[in-house]
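Colleague: Before I rely on the labels attached to this model, I would like to hear the reasoning behind them. Could we take them one at a time, with the value set against the cut-off in each case?

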Amino acid sequence: MEDSVDRIAEPWGGRTPYSRHGAWPTRVDTHLAEGVAEEEVQRWVQSASILHSDGDAMDIAVKDGRMVGVRGRAVDRVNRGRLGPKDLFAWQANASPDRLTRPLIRQDGRLVETDWLTAMDRVVARSRELLEERGPGSIGFYTTGQLFLEEYYTLAVLARAGIGTNHLDGNTRLCTSTAAEALKESFGCDGQPGSYDDIDHADVIALFGHNLAETQPVQWMRVLDRLEGADPPRLVCVDPRPTRVARRATVHLAPRVGTNVALLNALLHETIRHDRVDHEYIEAHTVGFEELAARVKDCTAEWAASVCDVPARLIVEAAEVLGGADRLLSTVLQGVYQSHQATAAAVQINNLHLIRGMLGRPGAGVLQMNGQPTAQNTRECGANGDLPGFRNWENDEHVADLARVWNVEPATIPHYAPPTHAMQMFRYAEQGSLRMLWISGTNPAVSLPELARIRSILSGERLFVVVQDLFLTETAQLADVVLPAATWGEKTGTFTNADRTVHLSDKAVEPPGEARPDLDIFLDYAARMDFRDKDGGPLIHWHDPESAFEAWKRCSAGRPCDYTGLSYGLLRGGSGIQWPCTKDDPSGTPRLYTDGISWAHPDRCESYGKDLVTGASSGVVEYRSLNPDGKAMLKAAEFMPLHEAPSEEYPFQLTTGRTVYHFHTRTKTGRTPQLNAAAPDVWVEISEADAAARDLAEGDLVEVGSPRGSLRGRLRVTGLRRGTLFVPFHYGYWDTPAGFGPNATVPGRAANETTVTDWDAASKQPLFKTAAATLTLVEKGGGQHSPAPTTTASEPGRDSGVPATEGGPDARVRQTTDAGPTREGGRW
């Protein structure tokens, strides 16, 4: 059965209802270029989404050597054939006329085209010069969450064992480092305990700072289908904004920004006070319950209400829903990770599951989510600075084991200090000790906090900047060398989504011009640098994606993220598979911790933990004394005041976030006609009460300022909590006529002109959601309206006004379903 749904106006499509413990029905979403019929497609090539962490499996349609569309893969466990708006439309950006097709070098202050030999000679010469004069600490690598596993692993080996630098991190520091840290703090090791399949079985789903409808739209479709079926789950939503999730929630808690720990401590207090705990599970599998109970003893709902500005009755109601669940699934994302006391808050959500025994069975799990499609791989492969395979940099045996895999001396692998996190790398560049920064697949000139400072660092004469990307981004414009990269659909590799599902993405078309896969660029650099192992052989001995995957399998063997049972052949043609996957169990592992805590023993754990307030490392002696048997750790945290609170001069709290139509800094989605038309420019959200008090109206042009900078956007009056402003962070300057920077003639529109250079003590994740801000009217709107996001309503119960698009083939997709006709997707 077929049904046409406008997937810009209705991003989640029609419904295919199903019941608890039932199978999510298949529905295949397809979008082809205008004028291309399905029978004209010459090849369908296997892949998965590269624009969020969901890992939606899809096939790429190819005709005459070019991409002409996509369709969902019905056999895949993640999406059962469904695709979100970015999946359906953003493939078009690959053919954008402004793709980089030749290397660029800076000459006489300008970037000019050159050949690969000249560009790489310049990079290699500067690398050797710095190693000779200043040592490996003068070189750093800052990567992305969008490359493939094989590329991250190669980068980690060349950076750690080739260059010997401790300065290796990714922009996953901005989106997923708190997820990793929280899992390590609670379970001794990274690795997602839950599975997307838990949505099928849960009777309560709690979303903490996670706008699932816009960040992982296909899994929101799954939740919506459960809500439309028999025995629907109850939802608890914690978010200061009236998101789509909030409007479907049984209980919506909208706390004051930066007070998550206070709220969670109150939920724990209520759970323990009413003895909604699994004492047998706590005794068998955890340590620290007495300390946790003592810490939250006085954290009553009334106390939390005074801190969070949330009615105490709603906190009690939420605790009753959470405490009464037979199968509780919790999901966590940036509303926790990018806010005050990020790791402490995320750990309290783990605590809630541990004291209730809600782990390791269908419907009972926690998803400390990722924000980017391959963020999980940066953590597994060590491209976030940690050691590959979730090895512990403080454990000499773990270092020696990795040295055996790489055939180098242990001293070759820097482990004298914690891995350098991204914000510290930029500080070193600012101070002058880091003199070369290789940036691959990311755009820090828009995505990092306090952008004036970042632009100053990147444009400084002392820093040699290499940028490896698809387009001449704001960051690439500041580089000394720009390397044109191939992207998804133009190269082969594997990547792992947020619930540990590994997908294979095959090459469908050739990259434009002289653009090269990231793996080829890294392999070329390693060969030119002549990196060697301790026996004089090549340090990096693989030569293509599949041989790189086989090398990674050897590195992962026996580790928590064991890939040894996987192969390109096994991944080709069917569904993605969840790690750990061994030869004894090639079907993978749906859930971790089904029989106790696996990797928390002092000899096996990835981390000895940190103080959640100060970030100080605990060390092996303290860890072993507190957790000798390797159980899950219930770590308590006291609520601490914000570092930057509102004031008379800056009376608002500014928070940032996403829209369903864009990804990161819009380098792809901004070049996609349907997505860009749906949300072409930045907007500012304000509460109805705050707008009325300032005589502001929908469509007014306003300026948001902070102690660091300002931006301008059209106003949207929504159900946002009072005293808060919201700005989407996607918008930069590559598509503005005057460019950006100190000589720009247009006002700023990047949210990060205003955000603070501050980070969580434990995870080092920047805090994008707690800046103090002011709001000024620039001009009355005259009836103009800013682009409508999908998340907010101008008044309670009113639709958000998702923008309709012009009719025509490009605005529509086809859905086919095995569950009979789907109804036209409704609005909520």
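**From strand pairs to single residues**

Modeller: Let me begin with one pair of residues: leucine 654 stands opposite alanine 771, which lies in strand 28. Please keep in mind throughout that this is a predicted model.

Colleague: What makes strand 23 and strand 28 a pair, and in which sense do they run?

Modeller: Two strands count as paired if at least two bridges are found between them. Strand 23 and strand 28 (residues 771-779) have three bridges, in the antiparallel sense, and therefore they pair. Strand 23 also pairs with strand 27 (residues 724-728), here in the parallel sense and over five bridges, with threonine 655 opposite phenylalanine 726 of strand 27.

Colleague: Why is strand 23 called mostly covered?

Modeller: Strand 23 (residues 652-657) has six residues buried out of six. Phe652, Leu654 and Thr656 point one way from the strand, Gln653, Thr655 and Gly657 point the other way, and the residues of both groups are buried.

Colleague: Strand 26 is also described as mostly covered; how many of its residues are buried, and which strands pair with it?

Modeller: In strand 26 (residues 710-718), seven of the nine residues are buried. Strand 24 (residues 683-687) runs parallel to strand 26 and is joined to it by five bridges, and valine 684 stands opposite leucine 715 of strand 26. Strand 25 (residues 701-705) pairs with strand 26 in the antiparallel sense, also over five bridges, one pair of bridge partners being glycine 705 and serine 710. Four residues make up the hairpin connection from strand 25 to strand 26.

Colleague: What is the strand order of the open sheet of seven strands, and why are two of its strands said to stand at the edges?

Modeller: The order is 7-6-18-17-16-8-9, and the pairing is mixed. Strand 7 (110-113) and strand 9 (168-170) each have a single partner strand, so each of them has one side without a neighbour in the sheet, and that is why they are placed at the edges. From one strand to the next, the twist averages 20 degrees. Within this order, strand 17 (residues 464-469) and strand 18 (residues 481-484) pair in the parallel sense over four bridges, and valine 467 has valine 482 of strand 18 as its bridge partner. Helix 17 (residues 422-431) lies across strand 8 (139-143), strand 9 and strand 16 (436-440), and runs at about 140 degrees to strand 8.

Colleague: How do you know that helix 3 has the span expected of a helix with its number of residues?

Modeller: The 15 residues of helix 3 (residues 149-163) should span 21 Å at 1.5 Å a residue, and the end C-alpha atoms are 20 Å apart, so the two values agree. Helix 3 is also largely enclosed by the rest of the structure, because 14 of its 15 residues are buried. Just after helix 3 comes glycine 164, with a positive phi of about 85 degrees.

Colleague: And how does helix 12 fare on the span from its first C-alpha to its last?

Modeller: Helix 12 (residues 312-323), with its twelve residues, reaches 16 Å, close to the 16 Å expected. Among the buried residues of this helix are Ala312, Leu314, Ile315 and Ala318.

Colleague: How do you know that cysteine 237 is not in a disulfide?

Modeller: The two sulfur atoms of a disulfide must be within 2.5 Å. The closest cysteine sulfur to that of cysteine 237 belongs to cysteine 308 and is 15 Å away, which is too far for a bond. Cysteine 381 is in no disulfide either, since its nearest cysteine sulfur, in cysteine 561, is 7.7 Å away and the limit is 2.5 Å. The count of disulfides is zero by this rule.

Colleague: Why are cysteine 237 and cysteine 381 called buried?

Modeller: Buried means a relative accessible area under 20%. Cysteine 237 has 1% and cysteine 381 has 0%, so both are buried by that cut-off.

Colleague: What makes histidine 503 buried, and which residues is it in contact with?

Modeller: Histidine 503 is in strand 20 (residues 501-505), and its relative accessible area is 3%, under the 20% cut-off, so it is called buried. Leaving aside neighbours within four places in sequence, the contacts of histidine 503 include Ala48, Gly55, Asp76, Phe495 and Gly576. A polar atom of the histidine 503 side chain lies 3.5 Å from the backbone oxygen of glycine 55.

Definitions and conventions:
Residues numbered from 1 in each chain as written. Predicted model: local features only at pLDDT ≥ 70, side-chain atom pairs only at ≥ 80, totals over all residues. Heavy atoms only, no water. Buried < 20%, exposed > 50% of the residue type's maximum accessible area, 1.4 Å probe, protein only. Expected span 1.5 Å × (residues − 1). Polar contact = N/O pair within 3.5 Å; in protein donor to acceptor, adjacent residues only side chain to side chain. Contact = heavy atoms within 4.5 Å. Axes fitted to C-alpha atoms, helices over the stretch in contact; angles between N-to-C directions.
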